[in-house]
Amino acid sequence: MGAALGLRKETKPLMVGLDAAGKTTILYKLRMGEVVATIPTIGFNIETVQYKTMRSLISFTVYDVGFGRCGGTITSCAMH
């Protein structure tokens, strides 16, 4: 029912950037509300982040893709 009224929104952003640019740090800051120590991403991370507002629930399923350690292409990352 909430989706029919436009009260629930879901997006699936893809975070892509240079190595050591802070993609994973941003993802975990959104997810946990604090900065945590991270290690270089091998392959990818998938996390769901939810925010409640007074009128709606906003859900992000974020795909954090790291290319540096897996050969530099999406297909080589998929092999992990």
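Here are some friendly notes on the fold, the strands, the first helix and a few single residues of this structure.

1. **What kind of model this is.** Please keep in mind as you read that this is a predicted model. The values below are computed from it, so treat them as a description of the prediction.

2. **The overall plan.** The protein has two helices and four strands. Starting at the N terminus, you will meet them in the order β-β-α-β-β-α. Try tracing that order along the chain in the viewer before going on to the details.

3. **Inside and outside.** How much of the protein is buried? Of its 80 residues, 25% are buried. The accessible surface comes to about 5900 Å², and carbon and sulfur atoms account for 61% of that surface. As for contacts, take those with a separation of 6 or more: 40% of them join residues 24 or more positions apart.

4. **The hairpin.** Strand β3 covers residues 43-52, and strand β4 covers residues 57-66. These two strands form a hairpin, with four residues between them. Their pairing is antiparallel and runs over 10 bridges. If you would like one pair to look for, find Val-49, which stands opposite Phe-60 in β4.

5. **A parallel partner for β4.** Which strand runs parallel to β4? It is β2, made of residues 14-15. Two bridges join β2 to β4. One place to look is Met-15, whose bridge partner in β4 is Asp-64. Strand β4 therefore pairs with β2 in the parallel sense and with β3 in the antiparallel sense, where pairing calls for at least two bridges.

6. **The loop before the first helix.** Ala-20 sits in the loop between β2 and α1. Its phi is positive, about 60°, although Ala-20 is not a glycine. Is this residue buried or exposed? Ala-20 is exposed, with a relative accessible area of 85%.

7. **One face of helix α1.** Helix α1 spans residues 23-32. Its buried residues include Lys-23, Thr-24, Leu-27 and Tyr-28. Looking down the axis of α1, you will find the buried residues within an arc of 120°, so they line one face of the helix. What covers them? The cover includes β2, β3 and β4. Just after the helix comes Gly-33, which has a positive phi near 80°.

8. **Two threonines side by side in the sequence.** Thr-24 and Thr-25 make a nice pair to study. Thr-24 is in helix α1, and so is Thr-25. Thr-24 is buried, at a relative accessible area of 10%, whereas Thr-25 is partly exposed, at 27%. Setting aside neighbours within four places in sequence, Thr-24 is in contact with Thr-38, Thr-41, Asn-45 and Asp-64. You have already met Asp-64 as the bridge partner of Met-15. With residues up to four places away left out again, Thr-25 touches Val-35 and Thr-38. Thr-25 also lies 9.5 Å from Ile-39, C-alpha to C-alpha, and the two are 14 residues apart in sequence.

9. **The salt bridge.** Side chains of opposite charge can pair when their charged atoms come close. How many salt bridges are counted here? The count comes to one. The partners are Glu-47 and Arg-31, and their closest N and O atoms are 3.0 Å apart. That distance falls within the 4 Å cut-off for a salt bridge, so the pair counts. Glu-47 belongs to strand β3 and Arg-31 to helix α1, so this pair of residues, 16 apart, links distant parts of the chain. Glu-47 is buried, with a relative accessible area of 18%, while Arg-31 is partly exposed, with 43%.

10. **A nonpolar patch on the surface.** Which residues make the nonpolar surface patch? They are Ile-26, Leu-30 and Tyr-51, and the patch is about 260 Å². Leu-30 lies in helix α1. Leu-30 is partly exposed, with a relative accessible area of 39%. Residues in a patch need over 30% relative accessible area, and Leu-30 passes that cut-off because its value is 39%.

Note on methods. Residues numbered from 1 in each chain as written. Predicted model: local features only at pLDDT ≥ 70, side-chain atom pairs only at ≥ 80, totals over all residues. Heavy atoms only, no water. Buried < 20%, exposed > 50% of the residue type's maximum accessible area, 1.4 Å probe, protein only. Contact = heavy atoms within 4.5 Å. Areas by Shrake-Rupley, 256 points an atom, 1.4 Å probe, with all protein chains shown as cover. Patch = residues over 30% accessible without salt bridge, like charges linked within 9 Å, V, L, I, M, F, W, Y side chains within 5 Å. Salt bridge = Lys/Arg side-chain N within 4 Å of Asp/Glu carboxyl O. Arc of directions from axis to C-beta.
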